[in-house]
Amino acid sequence: MSKTKRGRVLWTLPSRGRGTCPVCGSTRIKLLYTKIKSDSTALKVCKRCDKATQVRVDAATR
């Protein structure tokens, strides 16, 4: 049987959870992961940048 609730929470997010990743600059990509910068501000990043080093996250502009 199919799973009817899979991915349903994305429909409530603006633009279905998609945008431009502040770390790598990829456009129209899902931003589902939260990274914390050194100055304690939160960034939403893509799946690839979820594993990025803290130096790259701190260098991100947003």
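This is a short walk through three residues, Lys35, Ser15 and Arg28, in a predicted model.

Okay, let's start with Lys35. You'll find Lys35 in strand 3, which runs over residues 33-36. So what is the nearest side chain of opposite charge to Lys35? That's Asp50, at 4.8 Å. Lys35 is buried, and yet there is no salt bridge; the cut-off for one is 4 Å, so a distance of 4.8 Å doesn't qualify.

Now, Asp50 still comes into the picture another way. The Lys35 side chain gets to the backbone oxygen of Asp50, at 3.1 Å. So that pair falls within the 3.5 Å cut-off for a polar contact.

And who else is around? If we leave out residues up to four places away in sequence, Lys35 touches Thr41, Ala42, Leu43 and Val45, then Cys49, Asp50 and Ala52, and also Val57.

Right, on to the backbone. Most residues other than glycine have a negative phi. I've got two here that go the other way.

One is Ser15, where phi is positive, near 60°, and this isn't a glycine. Ser15 sits in the segment before strand 1, and that strand covers 18-19. Is Ser15 buried or exposed? Exposed, because its relative accessibility is 57%, and the cut-off is over 50%.

The other is Arg28, again not a glycine, with a positive phi of about 50°. Look for Arg28 in the loop between strand 1 and strand 2, the latter being 29-30. Arg28 counts as exposed too, because its relative accessibility comes out at 72%.

To recap: Lys35 is buried without a salt bridge, while Ser15 is exposed and Arg28 is exposed.

Notes:
Residues are numbered from 1 along each chain as its sequence is written. This is a predicted model: local features need pLDDT of at least 70, side-chain atom pairs count only at pLDDT 80 or more; totals for chains, interfaces and linings use all residues. Side-chain values use heavy atoms; hydrogens and water are left out. Helices (H or I, at least four residues) and strands (E, at least two) are DSSP runs, numbered from the N terminus. Buried means under 20% relative accessible area, exposed over 50%, partly exposed in between (1.4 Å probe, protein chains only). Lys and Arg count as positive and Asp and Glu as negative; His and the chain ends are not counted. A polar contact is a pair of N or O atoms within 3.5 Å; within protein, one must be able to donate a hydrogen and the other to accept it, and residues adjacent in sequence count only if both atoms are side-chain atoms. Contact means heavy atoms within 4.5 Å.
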